[in-house]
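Here is a walk through a two-chain structure, written for someone who would rather look at residues than read about methods. Keep the viewer open and follow along.

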Amino acid sequence: MIKRLVGLFFVAVFMFVALFGCTNPQKTVVVYTSVDQVFSEKLFQMFEKQTGIKVKAVYDVEASKSVGLANRLIAEKGQPLADVFWNGEILQTLDLKAKDVLVKADISNSNDLPNSFKDSEGKWFGFGGRARVLIVNTKKIGLDKCPKTMEELVTSPYVKNAGIAYPLFGTTSTQAAALYSIWGDAKAKDYFTRLKAAGIQVVEGNSVVKDFVSQGKLYFGLTDSDDALGEMEKNKDLAILLMDQGAKDIGNMVTPNTVAQIKGAPHPEQADAFMEFLLSKEAEQAMVDDGWIHIPVHAGVTAAKGLDSKNIKIMDIDFAEAYKKLELSKTELEKIFVK
Amino acid sequence: MFFTAAPLFNLVAGALISFGQGTTHIKITDNLGLLIKSVALYSGAAVLCVALGFAVAIWVWTAFEKRAIKIAILMLILILIPPFVHVQSWIYFMDKIIAVINSTFGLMLNFSGEFAVIITMAFSFLPLTAGLCLVALLSVPAEINDQARLETAGRKTFLAVYFPLISPALLISGLLVFLLNINDYGIPSVFGVNVFSLELFSLFSANGDRYGVFFSSLPLVAICLVVLVFLGIYMKRIHFAFSGFKAGNPFKTVGFIQTISAIGFVVFAFFTLVPLCNLIYEAAFVNDALGVLSGSADEFVYSLWTSALSAVACLIPAIIFAYLYFFSKHKVLLISLAALPFIIPAAISGLSMISLWNSPLLHNIYQSPFMPAIAMVGRFAFIEALIISFALLRLEKALVDNLRLHNPGILETFKCLAALLWKECLAGVMIVFALAMSEFGMTLLVTPPGYQTITIKIFNYLHYGASDIVAILCLAMLAIMLLISTWVFLLLKGGR
């Protein structure tokens with residue numbers, strides 16, 4: 001019996017090596033991405049079909065809130081495996097730039113991008129984004145009773161039936177840092193303290209906010225437009241509101257996608273090719289059609305259904321300034337929301 | 001031993017150096033309240049899991065008698081069902097029940113909070129407590145069984161004689177459930193419950209200082225070590241007879257046992273039907289089930305191979321540890337040190353693995369598909385070491401000395417020990433296989449580009465809300481686990 005088991009073990013090792021150990025000489029590019037696999041996988045397949053370059057992807061998991069991948073990139077800094085980092089938001093990309101993980105790239109498809117969507121040193125590029133939206137269960141509450149601005153969220157009589165994700169991770173932390181940079185440290189801290197004291201429900205992530213609102217456990221909540229619009233296709237009782245659209249309001253936050261090349265990338269040429277593809281109008285249109293991007297950047301890209309992207313008052317945010325507030329905001333918000 | 005100990009040394013050394021340089025400050029939590037609340041939550045889940053497991057074990061013991069040991073082995077194998085399958089299933093099931101209650105009585109209930117966490121955790125680990133309790137019941141010496149049968153024993157006899165005999169198994173299973181959950185924040189956070197391990201993660205997210213988080217996790221590590229000491233004490237009192245007994249329940253007609261048996265039947269029905277029915281219902285919405293499965297074939301194969309490889313590879317450090325443990329005079333210290341890779345948060349261990357393995361010398365291994373298996377060996381070898389160590393402890397010292405005398409050489413001694421303890425080795429392999437299949441905290445950090453485990457894929461689709469695709473993948477996983485369990489069952493010659 002023991003000999004049989006030992007024999008089985010060695011056969012298993014041999015088969016493992018045979019199945020997974022052999023490398024294909026085909027050209028490859030390694031992409032680390034925090035974008036949902038259901039969206040990013042399709043883009044990778046498109047790229048592979050067009051160029052013949054195989055994409056080896058590493059996906060993140062919602063539970064690690066993109067912190068896992070970013071920390072892996074930092075940990076691998078000396079000997080990177082990744083060629084490209086495709087991020088569904090921006091501040092983590094800025095953090096990687098600050099930690100010297102990224103390298104300058106010359107991408108011709110970035111020439112059409114607005115200056116605010118490109119790094120001055122050419123180390124990252126932004127493209128189409130997602131809006132932070134208020135998802136509402138209209139069976140629980142009418143749209144007229146919902147808060148219209150971030151400030152009104154605190155004073156809303158229904159705040160105890162509202163939800164946000166922990167503002168320490170993902171796009172919720174990006175939004176928090178953005179508010180810190182626009183309002184100032186004191187006002188932002190006071191805002192979140194009052195929000196917590198008012199009894200807002202703080203849940204694991206944007207998808208949980210979306211699920212709870214859809215299930216009627218919450219009346220409304222802050223989430224991303226891809227989560228909200230995707231759920232609206234399944235539940236017709238849902239609606240979305242854009243925040244701060246008044247003439248004197250700060251505007252609704254839009255989080256751009258970002259892409260960057262890793263310093264010391266094993267396949268720099270293939271990395272350039274992938275970044276050219278991702279920053280192309282064709283790729284952005286595909287992401288709009290799939291429901292990942294709702295605020296396109298390229299002219300001529302057909303707008304997403306369910307969101308009038310041309311008439312949104314977008315928050316005028318300097319993400320570099322927001323990044324400077326990121327550590328402070330996370331430290332203070334950790335004390336407010338986690339302890 | 002390099003796989004298991006080196007990342008830990010790397011982490012501790014890095015933490016001490018960082019502290020010495022002043023780049024990390026020791027920050028023991030100032031939120032002891034949250035720590036106590038978290039311990040209470042996981043303890044509650046463990047206690048409920050033990051109570052439900054006891055009821056299920058009594059039901060099997062009563063209803064199946066002679067075939068009970070086969071059911072016990074099958075039950076233990078059901079631990080292979082990943083916890084997230086139970087979590088999703090219970091959310092869907094309870095939401096539907098609560099919707100009916102709310103609309104009937106005009107209430108505003110919802111399935112969230114500590115109650116939801118305790119229920120789902122308890123059901124996720126039910127096979128462990130039920131299986132161990134059942135084996136303990138079946139291991140009661142035949143003479144006691146016969147005596148109880150002759151004297152038409154009742155409730156008092158069960159409580160006075162049988163319960164003390166099975167209580168070490170109940171306690172051990174509860175402690176194991178506690179240990180397996182203590183670092184998990186995934187299940188509590190789904191239900192909006194804050195726990196200490198989430199605080200650790202948010203601390204890490206806030207400043208990226210893994211050494212600071214390591215220091216902050218020390219109170220949790222200390223609690224786990226205390227639990228391990230108790231585990232060690234009760235493991236010595238446990239007696240499992242895997243062969244040679246004649247199963248029999250002398251209390252079948254006792255009202256007290258019949259009541260518990262009925263409860264156990266209901267519990268087991270919930271345990272099997274809630275995930276199964278829910279998964280089948282959700283899977284019915286998929287248009288192209290074969291397409292989904294064929295598109296995930298690579299992930300399934302990779303997960304199975306990686307988990308199997310790590311589970312079998314864990315045997316080497318586990319048997320070596322068991323041998324050292326047997327002769328050691330500092331057993332508590334030794335087991336505490338061996339447990340550290342298991343009880344330190346997975347993300348912190350994972351980053352230490354990267355800094356150790358992503359070096360010029362080991363880079364080729366780091367980027368190879370073997371890396372997750374290496375990470376799993378480092379994390380879970382302790383579990384197999386624990387099982388084999390205590391199995392070895394039950395052997396007479398004279399027997400072990402005889403083995404060494406008549407089979408000189410380490411290899412020969414190990415071959416004989418493996419022959420004596422092969423059932424316990426197999427149990428350890430199966431448990432580590434199950435843990436490795438559902439692990440993602442560390443796997444996410446070390447899986448090489450181009451590969452993905454099925455667990456990570458399921459989590460990604462869960463987040464996206466593709467519950468129908470998740471259901472198909474989970475059903476496929478269940479089917480594969482059942483095939484594996486059937487194969488193991490046949491390997492054990494039908495439990496004989």
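## Helix pairs in chain B

H20(B) and H23(B) cross in a right-handed way; a crossing counts as right-handed if the near helix is turned clockwise from the far one by less than a right angle, and left-handed if anticlockwise. Before going further, note that this is a predicted model, where local features need pLDDT of at least 70 and side-chain atom pairs count only at pLDDT 80 or more, while totals for chains, interfaces and linings use all residues. Residues are numbered from 1 along each chain as its sequence is written, and chains are lettered from A and ligands numbered from 1 in the order in which they are written. Helices (H or I, at least four residues) and strands (E, at least two) are DSSP runs, numbered from the N terminus.

Three helix pairs of chain B are set out below, with axes as lines fitted to C-alpha atoms over the stretch in contact and angles running from 0 to 180 degrees between N-to-C directions.

| Helix pair | Residues | Angle | Axis distance |
|---|---|---|---|
| H20(B) and H23(B) | 371–393 and 422–438 | roughly 155 degrees | within 9 Å |
| H16(B) and H17(B) | 315–327 and 331–343 | about 160 degrees | 9 Å |
| H4(B) and H13(B) | 83–105 and 255–283 | about 75 degrees | 9 Å |

Start with the top row: the axes of H20(B) and H23(B) cross at roughly 155 degrees. That makes the pair roughly antiparallel, since angles under 35 degrees count as roughly parallel, over 145 as roughly antiparallel, 65 to 115 as roughly perpendicular and the rest as oblique. From H20(B), the contact takes in B:Met376, B:Phe380, B:Ile383, B:Glu384, B:Ile387, B:Ile388 and B:Ala391, and the residues they meet in H23(B) include B:Cys425, B:Gly428, B:Val432 and B:Leu435. Contact here means that the C-beta atoms of two residues, placed from the backbone, lie within 7 Å. Sorted by class, this contact has 13 nonpolar residues, one polar and two charged. For that sorting, Ala, Val, Leu, Ile, Met, Phe, Trp, Tyr, Cys and Pro are nonpolar, Asp, Glu, Lys and Arg are charged, and the others, Gly among them, are polar.

Now look at H16(B) and H17(B), which pack at an angle of about 160 degrees. They are therefore roughly antiparallel as well, and H16(B) passes H17(B) in a right-handed crossing. On the H16(B) side you'll find B:Phe321, B:Leu324 and B:Tyr325, which meet B:Lys331, B:Leu334, B:Ile335 and B:Ala338 of H17(B). That contact divides into six nonpolar residues, no polar and one charged.

The H4(B) and H13(B) pair packs at about 75 degrees, so these two helices are roughly perpendicular. H4(B) brings B:Val85, B:His86, B:Ser89, B:Trp90, B:Tyr92 and B:Phe93, and H13(B) answers with B:Val274, B:Pro275, B:Asn278 and B:Leu279. Here the tally is seven nonpolar, three polar and no charged residues.

Stepping back, chain B has 26 helices and zero strands. Of its 496 residues, 52% are buried, meaning that 20 or more other C-beta atoms lie within 10 Å of the residue's own, against 12 or fewer for exposed and anything in between for partly exposed, with C-beta atoms placed from the backbone. Among chain B contacts with a separation of 6 or more, 85% join residues 24 or more positions apart.

## Over to chain A

The domain assignment splits chain A into domain 1 (28–129 + 255–302) and domain 2 (130–253 + 324–337), with bounds that come from an automatic or database assignment. Taken over C-alpha atoms, the two domain centres are 26 Å apart. Domain 1 of chain A puts 14 residues into the contact and domain 2 of chain A puts in 15. The domain 1 side of chain A divides into six nonpolar, five polar and three charged residues.

H4(A) is mostly covered, with six of its eight residues buried; A:Leu91 and A:Lys97 are among them. After H4(A) comes A:Asp100, in the loop that leads to strand S4 (102–103) of chain A. Its phi is positive, at about 60 degrees, although A:Asp100 is not a glycine. Most residues other than glycine have a negative phi. Is A:Asp100 buried or exposed? A:Asp100 counts as exposed, because it has 11 C-beta neighbours inside 10 Å.

A:Asp244 also has a positive phi, near 55 degrees, and lies in the loop between strands S9 (238–241) and S10 (254–262) of chain A. With 19 other C-beta atoms within 10 Å, A:Asp244 is partly exposed.

Finally, A:Lys325 sits in the loop between helices H12 (319–324) and H13 (326–338) of chain A. A:Lys325 is buried, because 21 other C-beta atoms lie within 10 Å. Leaving out residues up to four places away in sequence, A:Lys325 touches A:Ala177, A:Tyr180 and A:Ser181.
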